[in-house]
Amino acid sequence: MKKFGKIFGVAALAVATLTAGAVGLSGCGNKISVADVQEYVASESTINTMDAGYKLKVDMTGMKASGTVAFKEDGELGFALKIEMPDPQTNETIQGEAYLRGNEMFAREGGEGKYLKSTVDLDDPASDAMEGYAELLQMADLSTYINQYLNIVKQMEGQGLKISKSGKDGVVNYSMTYKDASGKLSFVLEYKDNQITKFAFNMSAAGQVMVMEFELFTGDIADEYPTDLDTNFEIVEEGGETGGEEQLAA
C-alpha cells in the first residue's frame, strides 16, 4: 500500500503548514490577557489529549483532510480518513480514502471504483499502517497545537481580540475572536470535566482560508466506514500487486 502512504500523513502535513502560515493577521501589544486560558491548559488536572479518539477536519487552500480516528484500550486503531490535495506534478486535485479496521486496510483514489484491500501487521513499526498510527496518535495530543495557537492569538491582544469564557455542568468553553481589515480568526477550546472535547481554529487572511478542528470521539468507529467496504474491493497481494477480485456476502 505504498501508493497510499501519503494518505496517513496528509493531515499532519496540513497541520504543520497551518501552524507555519497562521501569522498573516496584524496586531501586536495587548490589553486583553490570555493568561487565564494558558493557566487552565497548563493545569495538572487538565487533559489535553484525546485518548479515546477524535474527529478531524483540516482545510486550507488546495488541501483538505477529514475523518474519524478511534483508539481502543487494547491499542488497536481504527480510522476512516479522506483527503483532497493538489498533485505537485499536474496541479490536479487528488482525492484519497483510507480505512483501517482491525488488521484490514482499505484504500482508493478518486472517490469511486474498488477499494484496494490488504492485511497489515500492526506489530511492525516499519509498516505503512504503523507509521500512520504513530502520526495519528501524536496528533491526538493537542498540547503543542493549543500552545502554538494561543501564541498566535496573543499577537492580537490589545487590538480588538475578544475572549469569552462559559461554564456549566462541568463544561468549560473558551472562545477567542479577532477581526480587522486583513482578516479574521476564531479559536475555541472546550473541556468536559477537564478533558478536552473540542479544538477549533478558523482563520481567513490574505486570501487564504485555514481550518483546524478536533472533536473528541467516543463512538463506534464501525459506524464511520462506507457501507460497501466488504462488497467492493480487490485484494492487494504482497509487493503491492492486486490479485483477483473477492466479494463477501453482506
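Trainee: Is G96 buried or exposed in this structure?

Mentor: A residue counts as buried when its relative accessible area is under 20%. G96 has a relative accessible area of 4%, and it is therefore buried. Please keep in mind throughout that this is a predicted model.

Trainee: Where does G96 lie, and how far is it from E109?

Mentor: G96 belongs to strand 4, which covers residues 93-101. Separation along the chain and separation in space are two readings to be taken side by side. G96 and E109 stand 13 residues apart in sequence, while their C-alpha atoms are 4.3 Å apart in space.

Trainee: How many helices and strands are there in the protein, and what share of its residues count as buried?

Mentor: The protein has 4 helices and 13 strands. Of its 250 residues, 44% count as buried. One may also ask how far along the sequence the contacts reach. Taking contacts between residues at least 6 apart in sequence, 53% join residues at least 24 apart.

Trainee: How far apart are Q138 and T49, in sequence and in space?

Mentor: This pair is 89 residues apart in sequence, and the C-alpha to C-alpha distance is 9.3 Å. Q138 is part of helix 3, residues 128-140. With a relative accessibility of 60%, Q138 counts as exposed, since the cut-off for that class is over 50%.

Trainee: How should one read a nonpolar core?

Mentor: In soluble globular proteins, nonpolar side chains tend to be buried together. Here the largest nonpolar core has 53 residues, and Y54, L189, F199 and F214 have the most contacts inside it. Helix 4, residues 143-154, supplies the largest share of this core, with 6 residues. A second, separate core has 10 residues, including A70, A80, Y99 and F233.

Trainee: Which residues is Y54 in contact with, leaving aside its neighbours within four places in sequence?

Mentor: Among them are G67, T68, V69 and F71, then L136, M139 and A140, and also F214, E215, L216 and F217. F214, like Y54, is one of the residues with the most contacts inside the largest core.

Trainee: How does one tell which side of a helix is buried?

Mentor: An α-helix has 3.6 residues a turn, so residues three or four places apart point the same way. In helix 2, residues 35-42, the buried residues are V37, Y40 and V41. They cover an arc of only 100 degrees around the axis, and therefore lie on the same side of helix 2. The face turned away from that buried side carries the exposed residues E39 and A42.

Trainee: What covers the buried residues of helix 2?

Mentor: The cover includes helix 4, strand 8 (171-180) and strand 9 (183-192).

Trainee: How are helix 2 and helix 4 placed relative to each other?

Mentor: An angle over 145 degrees between two axes counts as roughly antiparallel. The axes of helix 2 and helix 4 cross at roughly 175 degrees and come within 11 Å. The two helices are therefore roughly antiparallel to each other. Where they meet, helix 2 brings V37, Q38 and V41, and helix 4 brings I146, N147, L150, N151 and K154. Sorted by class, this contact has 4 nonpolar, 3 polar and 1 charged residues.

Trainee: Which loop holds D169, and what is notable about its phi?

Mentor: D169 lies in the loop between strand 7 (162-168) and strand 8. Its phi is near 55 degrees, a positive value in a residue other than glycine. D169 is exposed, with a relative accessible area of 61%. D193 also has a phi near 55 degrees. This residue sits in the loop between strand 9 and strand 10, and at 54% relative accessibility D193 counts as exposed.

Trainee: What can be read from the strands beside these loops?

Mentor: V171 lies in strand 8 and is partly exposed, with a relative accessible area of 26%. Apart from neighbours within four places in sequence, V171 is in contact with S166, E190, Y191 and K192. V171 and T197 are 26 residues apart in sequence, yet 9.2 Å apart in space from C-alpha to C-alpha. Q195 is found in strand 10, residues 195-205. Its relative accessible area is 17%, so Q195 is buried. Setting aside neighbours within four places in sequence, Q195 is in contact with I47, T49, M50, E190 and L216.

Key:
Residues are numbered from 1 along each chain as its sequence is written. This is a predicted model: local features need pLDDT of at least 70, side-chain atom pairs count only at pLDDT 80 or more; totals for chains, interfaces and linings use all residues. Side-chain values use heavy atoms; hydrogens and water are left out. Buried means under 20% relative accessible area, exposed over 50%, partly exposed in between (1.4 Å probe, protein chains only). Contact means heavy atoms within 4.5 Å. A nonpolar core is a set of buried Ala, Val, Leu, Ile, Met, Phe, Trp, Tyr and Cys residues joined through side-chain atoms within 4.5 Å. The arc is that of the directions from the helix axis to the C-beta atoms. Axes are lines fitted to C-alpha atoms, for helices over the stretch in contact, and angles run from 0 to 180 degrees between N-to-C directions. Angles under 35 degrees count as roughly parallel, over 145 as roughly antiparallel, 65 to 115 as roughly perpendicular and the rest as oblique. Ala, Val, Leu, Ile, Met, Phe, Trp, Tyr, Cys and Pro count as nonpolar, Asp, Glu, Lys and Arg as charged, and the others, Gly among them, as polar.
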